[in-house]
Amino acid sequence: MTRHIVTTDDDPAIRKILQIMLRKEGYEVTACENGHELLALLRTKAETVDLLLLDIKMPGFTGFELLDMLRLSYPHLPVIMLTAFNDLDTGMKAIRLGATDYLSKPVHRETLLSCVKRVLDKAQEQKLMLLENQRTQEQQHQLEVELKQTLATLQSTTMATLEAFSETIEQKDSYTKGHCNRVRTLAVALGKAVGLGKEALSVVEGGSLLHDIGKISVPEEILNKDSTLTEDEYEVIKRHPAAGERIVSHLPQFQPYVPIIRNHHERIDGLGYPDGLRGEQIPLEVRIVSLADAFDAMTSSRAYREALPTEIAIEELKFFSGTQFDADLVNFFIEKELYLL
Ligand SMILES: [Fe+2]
């Protein structure tokens, strides 16, 4: 591929010499007399230019003024500055201002050709690196897009699975129709009210849907019994949190919900089951679901009793605040009027 070099010099003799030497080496050369001509050429053909040779002392724009403009508009175009004989300071200044290299006049053939070759090779190398970087960035972007899509699909699949599970639980216990979904609404709202992050909120949401999964293992005659449970029957009911934990133990994607499944019947005073955890031993997400679960249970009809009016249920929450329920959560629940949801 022929490389295109543009020289800019007000001295016709130097333009001629440069042209002859470079063309002999197979380069395509365009010679400009001054900065205006160079800028006009670049405006239409910058893409075709591989290298600029730029004189410093010229009428009109000086080489340095041009260099300034070029670095802004064509930052990747290499520039070799031509300085007066032995003027090292000017050459160093050119490099500082962004020139790729400099040559002293009069320019000797060998020096010119080796400098041009060196700068062109370096520019080519940088161009390839730039392309490679762009390609890597594009690939990375594409991967991120795909990953986000996969994650979104996975999340919606997981949520659909959770909803299916919660429906299974509710079908078994006819009086709890819609219970899991209402717990989900209340618990997520309470989680937001106390400032839970996205991840914790999703644990609260999934855990709300799954918290009673262990009821699948409780016989229906006990679950739907419309009279007071015997002590033995109550013991069977009390096994549902541990049973739930066992049911999901082989499902890795449900592991974040295990604390809610196992501990949603714990109490702040340590009198709950199955582990007798107390206070902050019970994770916040679990305390949130426990409160939402209890409130919805109180305000829904059950096999053995009618639903409590909301005002009475609120009084119950207040009464058991700090013993059964987390007092701060009870305050939030009431202050934010989440009971209206
Ligand atoms: Fe439960």
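Trainee: Is the crossing of H6 and H7 left-handed or right-handed?

Mentor: This is a predicted model, and in it the axes of helix H6 (residues 179-193) and helix H7 (residues 198-210) come within 8 Å and cross at roughly 160 degrees. The contact is made by residues that include Cys180, Val183 and Ala187 of H6 together with Ala200, Leu201 and Val204 of H7. The crossing of these two helices, H6 and H7, is right-handed.

Trainee: How is H6 oriented relative to H7, roughly parallel or roughly antiparallel?

Mentor: Two packed helices are described by the angle between their axes and the distance between the axes. For H6 and H7 the axes cross at roughly 160 degrees. Angles over 145 degrees count as roughly antiparallel, and therefore H6 is, with respect to H7, roughly antiparallel.

Trainee: Which residues of helix H2 are exposed on the other side from its buried residues?

Mentor: In helix H2, which spans residues 35-45, the buried residues are Gly35, Leu38 and Leu42. Seen down the axis of H2, these fall within an arc of 60 degrees, so they line one face of the helix. On the other side of H2, the exposed residues are Ala40, Arg43 and Thr44.

Trainee: Against which elements do the buried residues of H2 pack?

Mentor: The buried residues in question are Gly35, Leu38 and Leu42. The elements they pack against are strand S1 (4-8), strand S2 (28-32) and helix H3 (63-73).

Trainee: What distance separates the centres of domain 1 and domain 2?

Mentor: The domain assignment of the protein chain gives domain 1 as 4-137 and domain 2 as 173-340. Taken over C-alpha atoms, the centres of domain 1 and domain 2 are separated by 76 Å.

Terms used. Residues numbered from 1 in each chain as written. Predicted model: local features only at pLDDT ≥ 70, side-chain atom pairs only at ≥ 80, totals over all residues. Buried ≥ 20, exposed ≤ 12 C-beta atoms within 10 Å, placed from the backbone. Helix = DSSP H or I, 4+ residues; strand = E, 2+ residues; numbered from the N terminus. Arc of directions from axis to C-beta. Contact = placed C-beta atoms within 7 Å. Domains from an automatic or database assignment. Axes fitted to C-alpha atoms, helices over the stretch in contact; angles between N-to-C directions. Parallel < 35°, antiparallel > 145°, perpendicular 65-115°, else oblique. Left-handed = near helix turned anticlockwise from the far one by under 90°.
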